[in-house]
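Here are a few notes to go with the structure you sent over. Have a look at the picture, then read on.

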Amino acid sequence: MALSIFDDRSTPPSEAMLRAALGNSFVHWNQLKQVLAANYPPVSFEWGFTSKSTGWGMRIKHNERVLLYMTPCEGYFLASLALGDKAVKATQESNLPRKVLKIIAGSKRYAEGTGIRLEIRNAGDVQNVEKLAAIKLSY
């Protein structure tokens, strides 16, 4: 099974499909997109199908730099981003919740940075991703 609820390469998710899959989290999906677009212009949103194991996800770019990925799941979505070493250090000095700092501390380091994946189910989760995006773009 794919990470995304949408795993059919031939069918990109429509707005109606996304709304049905995310349920109550659909509002948070749109909230995160709106906040990122307002705070970090220019921002672009691109659906992409990476592989059968990940399925469809949305890539959010600031200029040409990938800011984060949003992966729809049933009833929630994942926000994934990579932070460089300086940004990871900055998270430790931030006011992010302990649970988010624990996720960062336990995340795997890749060539592009420490890969962080958070479940987004409520407005507080959206705020945490907003803070991480601001930290990422500061470094």
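In what order do the six strands form the sheet?

1. Let's answer that straight away, bearing in mind that this is a predicted model. The order is S1-S2-S3-S4-S6-S5, the sheet is open, and the strands pair in the antiparallel sense. As background, strands of a sheet pair through backbone hydrogen bonds, either parallel or antiparallel.

2. Now look at the edges. Strand S1 (43-49) and strand S5 (109-110) sit there with a single partner strand each, so one side of each has no neighbour in the sheet.

3. For a pairing to trace by eye, try strand S4 (residues 76-83) with strand S6 (residues 113-120): the two run antiparallel and share seven bridges. Find Leu81 and you'll see Ile116 of S6 opposite.

4. Zooming out, the protein chain has five helices along with its six strands. Walk along the sequence and you get α-α-β-β-β-β-α-α-β-β-α. The radius of gyration is 14 Å, close to the 14 Å that the globule rule gives for 139 residues, so the protein chain is as compact as a globular protein of that length. Its C-alpha trace spans about 40 × 30 × 30 Å along the principal axes.

5. What about inside and outside? Of the 139 residues, 43% are buried. The protein chain exposes about 7,600 Å², with carbon and sulfur atoms supplying 51% of that area.

6. Contacts next: among those with a separation of 6 or more, 61% join residues 24 or more positions apart.

7. Finally, charges: there are 18 positive and 12 negative side chains, and the centres of the two sets are 5 Å apart.

Conventions:
Residues are numbered from 1 along each chain as its sequence is written. This is a predicted model: local features need pLDDT of at least 70, side-chain atom pairs count only at pLDDT 80 or more; totals for chains, interfaces and linings use all residues. Side-chain values use heavy atoms; hydrogens and water are left out. Helices (H or I, at least four residues) and strands (E, at least two) are DSSP runs, numbered from the N terminus. The radius of gyration is taken over C-alpha atoms; the globule rule is 2.2 Å times the number of residues to the power 0.38. Buried means under 20% relative accessible area, exposed over 50%, partly exposed in between (1.4 Å probe, protein chains only). Contact means heavy atoms within 4.5 Å. Accessible areas come from the Shrake-Rupley method with a 1.4 Å probe; for residues, only the protein chains shown count as cover. Lys and Arg count as positive and Asp and Glu as negative; His and the chain ends are not counted. The place of a charge is taken as NZ of Lys, CZ of Arg, CG of Asp or CD of Glu. Two strands pair if DSSP finds at least two bridges between them.
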